[in-house]
Amino acid sequence: MRLGQGSLYPAKRIERPDKVAMMKQMAKMDMKMGAPAMVGNKKKKTPEFLKENYGMKMDMKDGQMNMGMQDKMSMNKGEMGDNMKMDDHKQMKMDKKMDGMAGMKKDSMPMKSTEPSHMMGGHMGHDMPMMQKDTSSFDYDTRKTYFNYDFLKAKENTTYKADLPVNDILLNLTGNMQRYVWSINGVPLSETDKIKIRGGEVTRITLNNLTMMHHPMHLHGHYFRVINENGERSPLKHTVNVPPMQKVVIEFYNEEYGDWFFHCHILYHMMGGMARVFSYDTPRDERMKNFPVQKLIDETDHYYSWGLLRAGSNFNELFLMSSNIRNEFGLRAEFDYNKNLEAEVNYNRYLNDWVRLYVGVNTETSTPDSYDTFNTVGLIGVKYFTPYRFNVDVSVDHQLRPRIRLDRELLLFPRFFLEGEYEYRADFGWVNDIGDTSYQGETQWLVGTSYILSRNFSIQANYNNRYGWGGGLLARF
Ligand SMILES: [Cu+2]
């Protein structure tokens, strides 16, 4: 069916991306992308440090990319040998000629921004699957109407008096897709102070997006200038979108009072911590008495709970998890049908995005096939989610038995997962009596596959060296 008289344009054919090649390519580029959502050491990892060390280092306002980056880009472009991309560039050139000067300026913006977007398609590191969705599906090259603030021009001069003092603030937008923690300058709202705004001076904020998602940043109670190519006629907005790996400068001058909320308007990001309170350091509005700032802050640091149940013919396994930004409570239990059981509860404290320390209690049946005796130990350990997505867990219990666990899940085909798990625990007899031997080792491993049936259910099959072959259901809730 066709509505209207407009000319028809065929949908663009997009080649199937070679994900393996893209991954290789990304691995070669030694870019640190995605600044941490939780920087850990705030003194060392200042906003300027984050800006320098993460991200694409593209300066959209100056209209040029950082040289180092550009070199890598062009090199990789060549290696890709991507026909599709060539075509786009040719087309770009043609469009420019036809549109003349005016069009050229506008075209040149999205073009610069498109390079990294393509490259990002096979983003390396921790956030790969989500990223792909956000960037590669959107072809910036051919969409000249791609949202661009340079299209907006104020009707009159919006500049402030030139002699006003200017307070420059750098706000890097940061986040971690794996944990879904979003923050500013690597610090979520719940762990920071208000940003002081002084009346009588211009507040100029550089929003530098170090994530692979768009963040429409919104400031309550103010209109700010979005500095663009229209100079003194830069438009006034209360919300500005900051595209992935790009920078937007805003400024405002207001004689307001009290506190004003500034946040990403993707509410999931706001709830994940991507927000700040701007404060004029004057008393808050009386009417806000029942809404203390703490209430807002708590909103952005909720506990979320989820679980996983593996119900199998050989053994069953249950995971329960409850976590906010810094803290996590976990339960893991496995049991078979012959009275063998192991359960562990732990409390984890995140030091940064990938590392957590934990304490826990582990209990397991110490006589095979019987619930008669249990060995219960307290333990302390560290978990690390590594690049290439391995979970590493090293701990020692109060019987001085070190333990290492490794696991990895791999999406092999759409809906089809491969998983592997390995655990080794040694006992050197420092506490326990292990007889004449110098040490005893205990290994447990599992390889398995699962196929996603629905949001909550998968079917699974696995081999566990303790429980043998088996299969059944996997439920997520
Ligand atoms: Cu956001």
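# Strands, edges and core

Y180 counts as partly exposed, because 17 C-beta neighbours lie inside 10 Å. The cut-offs are simple: 20 or more other C-beta atoms within 10 Å of a residue's own make it buried, 12 or fewer make it exposed, and anything in between is partly exposed, with C-beta atoms placed from the backbone. Y180 sits in the loop between β3 and β4. Its phi is near 55°, a positive value in a residue other than glycine.

This is a predicted model, in which local features need pLDDT of at least 70, side-chain atom pairs count only at pLDDT 80 or more, and totals for chains, interfaces and linings use all residues. Residue numbers start from 1 along each chain, as its sequence is written.

## The whole chain

The protein has seven helices and 25 strands. These are DSSP runs numbered from the N terminus: helices are H or I with at least four residues, and strands are E with at least two. Of the 477 residues in the protein, 27% are buried.

How confident is the prediction? The average pLDDT is 81, and 79% of the residues score at least 70. pLDDT is the predictor's confidence in each residue, from 0 to 100. Over residues 57-136 the pLDDT is below 50, yet this stretch has 103 contacts in the model beyond near neighbours in sequence. Two residues are in contact if their C-beta atoms, placed from the backbone, lie within 7 Å. Among contacts between residues at least 6 apart in sequence, 59% join residues at least 24 apart.

## Two open sheets

Strands of a sheet pair through backbone hydrogen bonds, either parallel or antiparallel. Here, two strands pair if DSSP finds at least two bridges between them.

One open sheet has six strands in the order β4-β3-β6-β11-β8-β9, with mixed pairing. Which strands stand at its edges? They are β4 (181-184) and β9 (236-237); each has a single partner strand, so one side of each is left without a neighbour in the sheet. At the β9 end, F224 stands opposite K237 in β9.

Another open sheet has five strands, ordered β5-β13-β12-β7-β10, also with mixed pairing. Its edges are β5 (195-196) and β10 (239-242), each with a single partner, so one side of each has no neighbour in the sheet. M217 has V240 in β10 as its bridge partner.

## Antiparallel pairs

The table lists four antiparallel pairs, two of them from the sheets above.

| Strand pair | Sense | Bridges |
|---|---|---|
| β8 (residues 224-226) and β9 | antiparallel | two |
| β7 (residues 215-219) and β10 | antiparallel | four |
| β23 and β24 (residues 457-464) | antiparallel | seven |
| β22 (residues 416-427) and β23 (residues 440-452) | antiparallel | twelve |

Strand β23 appears in two rows, paired with β22 and with β24. On the β22 side, G420 has V447 in β23 as its bridge partner. On the β24 side, S450 is partnered by Q460. A hairpin of four residues joins β23 to β24.

## The largest core

A nonpolar core is a set of buried Ala, Val, Leu, Ile, Met, Phe, Trp, Tyr and Cys residues joined through C-beta atoms within 7 Å. The largest one holds 36 residues. Which members touch the most others? They are L173, L207, I250 and M274. Leaving aside neighbours within four places in sequence, M274 has contacts that include L173, W182, I184, H215 and C264.

## Three residues outside the core story

L164 lies in the loop between α5 (128-135) and β3 (166-176). L164 is exposed, because it has 12 other C-beta atoms within 10 Å. L164 and G200 are 36 residues apart in sequence, but their C-alpha atoms are 7.3 Å apart. Beyond four places in sequence, L164 is in contact with E201, V202 and Y253.

R476 is found in strand β25 (residues 468-476). Is R476 exposed or partly exposed? With 14 C-beta neighbours inside 10 Å, R476 is partly exposed. The C-alpha atoms of R476 and F457 are separated by 6.4 Å, although the two are 19 residues apart along the chain. Setting aside neighbours within four places, R476 is in contact with L308 and N456.

Y388 also has a positive phi, about 65°, although it is not a glycine. Y388 is in the loop between β19 (374-385) and β20 (391-397). With 9 C-beta neighbours inside 10 Å, Y388 counts as exposed.
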